[in-house]
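I wanted notes on how the helices pack and how the chains meet. The entries follow the order in which I looked things up.

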Amino acid sequence: MVYGLWSTVYGLWLFTGVASAADISIAASLDRDRMTINETVTLTVVISGATGRIPEPQFPPLADFTAYSSGRAQNISVHNTQVFAQVTFTYILVPNATGKKTIGPIRVTYDGQTYSTEPLEIEVTDSGPQGYAQAPSSRGPSSQPSLPQTGDQEQGRAQEMFIETYVDNLTPYVNEQVTLTFAFYQAVQLFDNPVYTPPSTTGFWAEDMPPQNKYYKVINGRRYLVTEIKTALFPTAPGQYVIGPARLEASVDRIEDFFRRSAFDIFDRDPMSIFRRGQPVILTTDPITLEVKALPEQGRPRDFAGAVGQYDMSVKADRLEVQEGDPVTLTISIEGRGNIRTLSDPVVSVPDMCKVYDSGSSEEVTKNNYVVGGKKTFQKVLIPKSAGTATLEPLTYHFFNPRTKEYGTITTQPIAINVTVKPQEALQATGPVVPSLTYTEKKEIALIATDIRYIKTELRQMTGLQTPLYRNRLFIYAHLLSPLILFICFVDARHRRKLTQDVRYARLHRAHKVARKRLKKALQRLKEQDSGEAVYREVYRAITEYIADRLNLSASGMTTIELCDTLRGRGVSEELIHKTKKLLEECDLMRFTDVKQDRGRFTQSVNEAEDIIVSLERIRI
Amino acid sequence: MKVFNRRDLCALLLTCGMAYFLSIAAAEDTPQSLFARGNYLYEQGNYQEAIGRYEEIIRRGILSADVYYNAGNAYFKNGQLGKAIVNYERALLLAPRDKDTKKNLEIAQNKIVDKVKLPSTILLQRLLTDIHHAFTLDETLRFLSILVVILTVLIALAFYMIYARRALIPVIAFVAAIAVAVSISCGIKIYNRENAQEAVVIVPKVTVHSGPGEQYSVQFAVHEGTTFRAVKSLHGWLEMYISGDLRGWVKQEAVEMVWPVM
């Protein structure tokens, strides 16, 4: 039909010529005009025009259908510099209700112009001719699959593929295995992997049974690839149960149609069609109703725990000779066919001299030949409390065998465990073997009543009423000392730093001290009956070095006249300058001539020098 | 020749006897003996007499956390909850880290009728408050003195040791921060001691008036053991403050100041 449309559109294009090539045309078609509610219909919309930009079609609300896009195919050709494009949009429609339905009109807008199709009509029926969605009804295990009953038009397609579900037993007992088989028959190539949605199995304990079984089967002369998926179901209670419909979504490859046609038709078809996505097909099965029978009351043992199948049981102890308090591990294995996972714990009755504890269970499920079975192992720890022979009664386990429709009982052999007395030293050395038995449960110490604590029996500290510390004057003054000390430290540190860093400050600071030392030395020399030259040398140095230090000058090479001029320049009184000059000249006279001087005069000169220095110390120069 | 006649002998015996009794009386009067006697009476269940011995020690101007603690216990056993709390509080002022005193004060406070809603505090605030209350005022002042000495030495070193100044500054800042915190604690303690003193209700129930006199309207009533802050006293009435709007005047004889004890 698509190719027919393509031919029509192409013919119209030739007819209208280049002048109308810019116009857009739209055409829509359905692949059938009748369908059942379980089927799908393919809607194809073809939009073509002399443009490279084909717009998307616009649909009216499709209330009666659920639409899925199945892709688009584009064909662009250039003819006499004119571009011509055709885009085919494909949609899968799933009907939501029965009746006569109208689709469309479908519109497309290009350059402000709107183009539309005629409405399409299709009749959706409840039953009648069946297509792909047909599923054979459930059947018994021995029945053969039958082809779906389809209408004439759909017969060929129906034969291409179909699905079915069936169970091996429609009237099982509670907890008896029912094998549900889903089979997919396909005689066509699938575009991609189908999506299988298993049926709902409410009311059943389900056990998957991989792998998928694949084989070929010929039905009505046609060869089908059959894929089977099996699931073991165990009904949990008697009554009527429904296994829901299974669903399979597949995409059918139509490539064989492309080559089936005549070689001369090849130009009459859409050359891009081989790149299309497959045609989607949804298949569903009918539900299956099962009548689950209750287990018979007749012959049911009193301690029957619900095991259905066929089982065997064994029990063994890891040792038969133990000392009292030492644990013995009992391993009970139940093996056979049936729902292994739901097997209940066997009842172990032990003598009073022993205690028994559960130590867990493990399962090994097998699915050989799609029959669920395996082994379930229960472990129990037995602690003999006293010496003697602990004999375990034979274990019994009941099950219902659905094949024989009778209850069966399995019984193990009794086990005798010889328990010897444990030496006292061993008990002390090793401590309790099973902590849980000898562990003393600790409890919080409960306070029965609250009372005040007891009186003090010794008088430890006594003081009289005294002035508080913060009012103690000594305490307050002591704290005031801190800032005072810090201030002194600050000044002293600053002074010391200056002495090392500032030469002028250092000379000024030491000038008087050095001068006094010189004069003291002069007096010392006088006392030692030294020569006048030595005394006057010290006096001269005392005065000149003092003045040089005060003024930060070099003392060496400075003459008396230069010294006096410097003092004058610093504003020293003329009297003091004269006095200084006179004494320095006297010193020069005594140092460099042989003039004899009275020793009394020596002392007087030293005193005069001291007066001069003191006078200079008092003034700022 | 007789050295002593009978009369002299009698006088001598009398003198010795008096001296003996006086020495016993003197021994009975020492704080230690009063304390031991009080403890003995306490153990005999004679709490009233025990209180007398402990109070005698206190009246002599002797401050001892042990005496206040035992006095508190004796008052508690004697059913005088308010007096017990006062003495526990006094014991805590002298020995703020004594666990027995804290526990007994907690037990006594649990028996108070009045429930005073205290403002909610955050963890840091509670931690600082606990540290503040863990030391006596004198302890805090001594610690502050040590910090001041350390701080003085560190600053002096920083003056002289210029090369070490960079290393010293963070240490000085740390010590100074602690010193500031301790100073604040000292300031609060001194302020509380001088101004806002604690008092405890020592009668079963007392009404609180809006002014210092019976003529003023009754605001509310408080029960024995309730502790409050005494703001000021006037004409035998004490202005009290508990929390929030709970403020008023109460008769001074119905309450007892925690400090001073005399």
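A crossing is called left-handed if the near helix is turned anticlockwise from the far one by less than a right angle, and right-handed if clockwise. I needed that for the first pair below. The model is predicted.

Entry 1, a helix pair in chain A. I looked up helix α8 (residues 532-551) of chain A against helix α9 (residues 560-569) of chain A, and found an angle of about 40° with the axes 12 Å apart. That angle makes α8(A) oblique to α9(A). I noted the crossing of α8(A) and α9(A) as left-handed. On the α8(A) side the contact is made by Tyr540(A), Thr544(A), Ile547(A) and Leu551(A), and on the α9(A) side by Thr560(A), Leu563(A), Thr566(A) and Leu567(A). I sorted the residues of this contact of α8(A) with α9(A) by class and got five nonpolar, three polar and no charged.

Entry 2, another helix pair in chain A. For helix α6 (residues 473-501) of chain A and helix α7 (residues 503-527) of chain A, I find axes that come within 6 Å and cross at roughly 110°. The range for roughly perpendicular is 65 to 115 degrees, so α6(A) is roughly perpendicular to α7(A). From α6(A), His495(A), Lys498(A), Leu499(A) and Gln501(A) meet Val503(A), Tyr505(A), Ala506(A) and His509(A) of α7(A). I sorted the contact of α6(A) with α7(A) into four nonpolar, three polar and one charged residues.

Entry 3, the interface. I then turned to chain A and chain B. How much area is buried between them? The value is about 3300 Å², and carbon and sulfur atoms give 62% of it. Chain A puts 31 residues into the contact and chain B puts in 43 residues. In chain A, I listed Ile452(A), Arg453(A) and Lys456(A) as losing the most area to chain B, together 22% of what that side buries.

Entry 4, salt bridges. Over all chains I have a count of 35 salt bridges. Across the interface of chain A and chain B the rule finds five. I looked up a pair formed by Arg460(A) and Asp66(B), with the closest N and O atoms 2.6 Å apart. This pair crosses between chains: Arg460(A) sits in the loop between α5 (435-438) and β28 (463-464) of chain A, and Asp66(B) in helix α4 (residues 65-77) of chain B. I also looked up Arg453(A), which forms a salt bridge with Asp100(B), the closest N and O atoms being 3.2 Å apart. Arg453(A) was already on my list of residues that lose the most area to chain B.

Note on methods. Residues are numbered from 1 along each chain as its sequence is written. Chains are lettered from A and ligands numbered from 1 in the order in which they are written. This is a predicted model: local features need pLDDT of at least 70, side-chain atom pairs count only at pLDDT 80 or more; totals for chains, interfaces and linings use all residues. Side-chain values use heavy atoms; hydrogens and water are left out. Axes are lines fitted to C-alpha atoms, for helices over the stretch in contact, and angles run from 0 to 180 degrees between N-to-C directions. Helices (H or I, at least four residues) and strands (E, at least two) are DSSP runs, numbered from the N terminus. Angles under 35 degrees count as roughly parallel, over 145 as roughly antiparallel, 65 to 115 as roughly perpendicular and the rest as oblique. Contact means heavy atoms within 4.5 Å. Ala, Val, Leu, Ile, Met, Phe, Trp, Tyr, Cys and Pro count as nonpolar, Asp, Glu, Lys and Arg as charged, and the others, Gly among them, as polar. Buried area is the accessible area (1.4 Å probe) that two parts lose on being put together, summed over both. A salt bridge is a side-chain nitrogen of Lys or Arg within 4 Å of a carboxyl oxygen of Asp or Glu.
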